[in-house]
Amino acid sequence: MSNDLEKRIRLIEDELALKKLINTYHKRADAFDWVGWSETLTEDSLFEFVGGFGNMSGRRMIHDICKAQMDPVYDDFQHYMVNLDFEIDGSDTATGTGNIIFVAVEGGAKPTEIYMAGGRYNWKFVRTSDGWRIKQTLLQWVWNNGQDKAGVFTPVTESAAA
């Protein structure tokens, strides 16, 4: 196999692995599997959630805040990811973007009482010994269907999540 062909195959494999990582990230969140969800992040991951929880650093803090804010309020939710795009340069780093539509069923499993929001993701990824992981996340809400009555998406400090 030519070196050029090997590089092209590796780039395709990397793009598929990144898509799988993002699908796993959202699938585990939808299942309230916060431990599995946080394993898609690096230990020193940074997460900037504009219009949401604020700035979070480290896998543990990100896990703790997201779990503490969402578990008590939502009975179910779904993440819809569209327009995924990745830039892979052949090294052990990559970047990506995607659009999200988030739908959550609020308290008491009343499917007519939902919170919806849409936003944009920007990611930085690194290849680790366990495969690709999310090193940095920027998530910015663009719209929602009204007030966040339960106050789920408000900036949180590390001490408040404990």
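In this predicted model, Asp 64 and Arg 60 form a salt bridge in which the closest N and O atoms are 3.2 Å apart. Both residues belong to helix H3, where they stand four residues apart, about one turn of the helix. Asp 64 has a relative accessible area of 26% and is therefore partly exposed, whereas Arg 60, with a relative accessible area of 55%, is exposed.

This pair is part of a wider set, for the structure holds 10 salt bridges. Side chains of opposite charge can pair when their charged atoms come close. Three of these pairs are set out below.

| Salt bridge | N to O distance |
|---|---|
| Asp 64 and Arg 60 | 3.2 Å |
| Glu 43 and Arg 59 | 2.9 Å |
| Arg 10 and Asp 92 | 3.7 Å |

What does the salt bridge between Glu 43 and Arg 59 tie together? The side chains of Glu 43 and Arg 59 meet at 2.9 Å, N to O. Because Glu 43 lies in strand E1 and Arg 59 in helix H3 (residues 59–70), the pair ties together parts that are 16 residues apart in sequence. Glu 43 counts as exposed, since its relative accessibility is 57%.

Arg 10 and Asp 92 form a salt bridge as well, with their closest N and O atoms 3.7 Å apart. Since Arg 10 lies in helix H1 and Asp 92 in the loop between E3 and E4, this pair ties together parts that are 82 residues apart in sequence. Arg 10 counts as partly exposed at 37% relative accessibility, and Asp 92 likewise counts as partly exposed, at 40%. Both residues also take part in a network of salt bridges that links Arg 10, Asp 14, Asp 92 and Arg 127.

Helix H1 itself covers residues 3–30, and at 1.5 Å a residue its 28 residues should span 40 Å; the C-alpha atoms at its ends are 41 Å apart, which agrees with that expectation. Asp 14, a member of the salt-bridge network, is also one of the buried residues of H1, a group that further comprises Leu 18, Leu 21, Ile 22, Thr 24, Tyr 25, His 26 and Ala 29. Which elements cover these buried residues of H1? The cover includes helix H2 (34–38) together with strands E1 (41–50), E3 (74–88), E4 (93–106), E5 (114–128) and E6 (131–144). After H1 comes Phe 32, whose phi is positive, near 60°.

Strand E1, which is included in that cover, also holds Thr 42. At 7% relative accessibility, Thr 42 counts as buried, because the limit for burial is under 20%. The side chain of Thr 42 makes a polar contact of 2.9 Å with the side chain of Asp 44. When residues up to four places away in sequence are not counted, Thr 42 touches Arg 59, Val 126, Arg 133, Ile 134 and Lys 135. Arg 59, listed among these contacts of Thr 42, is the residue that forms the salt bridge with Glu 43.

A further feature lies on the surface, where Tyr 80, Ile 101, Val 142 and Trp 143 make a nonpolar patch of about 360 Å². Within this patch, Ile 101 is found in strand E4, and its relative accessibility of 35% is why Ile 101 counts as partly exposed.

How values were computed. Residues numbered from 1 in each chain as written. Predicted model: local features only at pLDDT ≥ 70, side-chain atom pairs only at ≥ 80, totals over all residues. Heavy atoms only, no water. Helix = DSSP H or I, 4+ residues; strand = E, 2+ residues; numbered from the N terminus. Expected span 1.5 Å × (residues − 1). Buried < 20%, exposed > 50% of the residue type's maximum accessible area, 1.4 Å probe, protein only. Contact = heavy atoms within 4.5 Å. Patch = residues over 30% accessible without salt bridge, like charges linked within 9 Å, V, L, I, M, F, W, Y side chains within 5 Å. Areas by Shrake-Rupley, 256 points an atom, 1.4 Å probe, with all protein chains shown as cover. Salt bridge = Lys/Arg side-chain N within 4 Å of Asp/Glu carboxyl O. Polar contact = N/O pair within 3.5 Å; in protein donor to acceptor, adjacent residues only side chain to side chain.
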